[in-house]
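Biologist: Please take me through this model element by element, giving the cut-offs behind each term as you come to it.

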Amino acid sequence: MKQRKRKEQITRALTHIQLGETNAGKLAALDELAEVYCSLCQQYVTLFCTDEQPDQFRPPCFDTLLSERWQRVAIQQAAGIAQSWRTNRENAYQNYLQEHRAYHERHAAGTLGKKATEPQWREWNVPVLRQMCIQANANVALLEVAEVSTFDYWLKISTLQKRQPIRLPVKLAAYHTEELTDPKTGKRKALNSSVTLNKREGTWWLTLSYDEVVAVQTAPDAPVVGIDVGIANFLTTSDGKHYGTFHGKLRARHKRDRAKRRRKAKLRTCLQKKGVKKLPSTSSRTGQRLRRHVKHEINRAVNACFMDPAHEHVQFAYEQLSVATMKFKAKAMNAYLRASQLAHIPQQIAWNAAKRGRRATKVLSAYSSQQCSVCSYTDRKNRPSQQTFCCQVCGYEAHADVNAAKNLARRLGDRELHACQDKHAIKALLMSRHEAWKQHQST
Ligand SMILES: [Zn+2]
């Protein structure tokens, strides 16, 4: 039977378009607008994170100089921010409850380690919008094709002054123009009507986007390669390869960065004691740079994994990371930074698969690092060290991440495992498979 090809629509972004080559008056009007917009957006973020559920259609309720259309845009953006904050907080809270229950179970059974402490819940702060960011639609910021050839579009933005929109010239880079041009027809692809405006370090940047339909090329029965995600190795595949690492250069940079921040903090307290009013800032621009750099390295690693000739005709199975596994994998230094970076890896795998028309599927990751990929015996003791896997029953030895990746590969299409309600059920299932393996060995 001939299978119809699955198609996926992806949205590609055109970034780093600078809004600068225009007169200062226009940019001042934009600054003025952004100031009012961002403080209103913050009000709705706070409202949606505390007293009300996020609702992008909520009637306006705060006093503002903004037009009704601009208010709608702000409410919509705030609802999106609040929704993802609420989801992340809820996941973290559920995870805390699980850990809390496990702690008390072990406490009752008397199997608590000496160093174990009772998990504590610290309530999350409401997100604070630190950077100017406007996610606008055509009702407030309209992109028009320019008739003159010195630039490509006008971005017509309505401002605080009624009927006095500003028109900013938009010039695309040559590589953007090339990306937008259909090689067959020579026609330019249509841009989406929503745009994003960001102010970073004094400069306004525009992000445009367009949609593309990509056919999935990988056959559904293509051989499966599992991908384990981690810090020591960003990606480890079930065929025994590693791509990218947080260790080495990145770790050294991270250490330098932390030392610098500590010195700064010390200096501040010292100056504060002496009564100095104007203190050096503690905000870490280098920290942001490092995070960007780590993301860049992650992107490179994911790219290398997809481009590997050995992976040309395979499909991937990768981890559905939970907050708990992230914390476990990112334990030790500055867990938050590392956990947030860890979450970037599966996102990047999904994006790479979508844009290349490759098949990649998320699978449950519970116990994938403790499970023996040969006999299914699942035990923490199978991991004598971070690096090594050594099965207590069948004696199978491997790199710990490679063993985990093999388990993940096999979980693709494992309906029984994905039907499990919780981690306990998964462990029970794995151990019953181990029993079946033992029976099979003895006959
Ligand atoms: Zn084993």
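Biologist: How many bridges join S4 to S5?

Modeller: Strands and helices are DSSP runs numbered from the N terminus (E, at least two residues, for strands; H or I, at least four residues, for helices), and two strands pair if DSSP finds at least two bridges between them. In this predicted model, S4 and S5 run antiparallel, and the number of bridges that join them is five.

Biologist: What pLDDT must side-chain atom pairs have in order to count?

Modeller: Residues are numbered from 1 along each chain as its sequence is written. Because this is a predicted model, local features need pLDDT of at least 70, and totals for chains, interfaces and linings use all residues, whereas side-chain atom pairs count only at pLDDT 80 or more.

Biologist: Which strands stand at the edges of the three-stranded sheet that contains S4?

Modeller: This open sheet has the order S3-S4-S5 with antiparallel pairing. Within it, lysine 156 stands opposite arginine 167 in S5. Neighbouring strands are turned by 25 degrees against each other on average, direction ignored, with axes taken as lines fitted to C-alpha atoms (for helices over the stretch in contact) and angles between N-to-C directions running from 0 to 180 degrees. Two of the strands each have a single partner, so one side of each is left without a neighbour in the sheet, and these are S3 and S5.

Biologist: Which element gives the most residues to the largest nonpolar core?

Modeller: A nonpolar core is a set of buried Ala, Val, Leu, Ile, Met, Phe, Trp, Tyr and Cys residues joined through C-beta atoms within 7 Å; a residue is buried if 20 or more other C-beta atoms lie within 10 Å of its own, exposed if 12 or fewer, and partly exposed in between, with C-beta atoms placed from the backbone. The largest such core has 37 residues, and those with the most contacts inside it are Tyr44, Ala74 and Ala78. Among the elements that each supply at least two of its residues are helix H2 (68-109) and strand S7 (203-215), but the most, ten residues, come from H1.

Biologist: Which residues does tyrosine 44 touch, leaving out those up to four places away in sequence?

Modeller: Two residues are in contact if their C-beta atoms, placed from the backbone, lie within 7 Å. By that criterion, and with the sequence neighbours set aside, tyrosine 44 touches Ala74, Ile75 and Ala78.

Biologist: How many residues belong to the second, separate core?

Modeller: This second core lies apart from the one just described and includes Ile231, Phe316, Phe389 and Ala405. Its residue count is 29.

Biologist: About what angle does the direction of H8 make with that of S8?

Modeller: Five strands form an open sheet of mixed pairing in the order S10-S9-S8-S11-S12, where S10 (242-243) and S12 (360-364) are the edge strands, each pairing on one side only. S11 (residues 315-320) and S12 run parallel and are joined by five bridges, and glutamate 319 has valine 363 as its bridge partner in S12. H8 (residues 400-411) packs on this sheet, touching S8, S9, S11 and S12, and its direction makes with that of S8 an angle of about 130 degrees.

Biologist: Is histidine 16 buried or exposed?

Modeller: Histidine 16 lies in strand S1 (residues 7-18), which is hardly covered, since one of its twelve residues is buried. Its phi is near 60 degrees, a positive value in a residue other than glycine. Because histidine 16 has 10 C-beta neighbours inside 10 Å, it counts as exposed.

Biologist: What is the bridge partner of leucine 14 in S7?

Modeller: S1 and S7 run antiparallel and are joined by ten bridges. In S7, the residue that partners leucine 14 is leucine 208.

Biologist: How many of the 25 residues of H4 are buried?

Modeller: H4 (residues 249-273) reaches 37 Å from its first C-alpha to its last, close to the 36 Å expected, the expected span being 1.5 Å times one less than the number of residues. Just after H4, glycine 275 takes a positive phi of about 85 degrees. H4 lies largely in the open, because the number of its residues that are buried is one.

Biologist: What distance separates the centres of domain 1 and domain 2?

Modeller: Domain bounds come from an automatic or database domain assignment, which gives domain 1 as 16-187 and domain 2 as 224-246 + 293-442. Taken over C-alpha atoms, the separation of the two centres is 32 Å.
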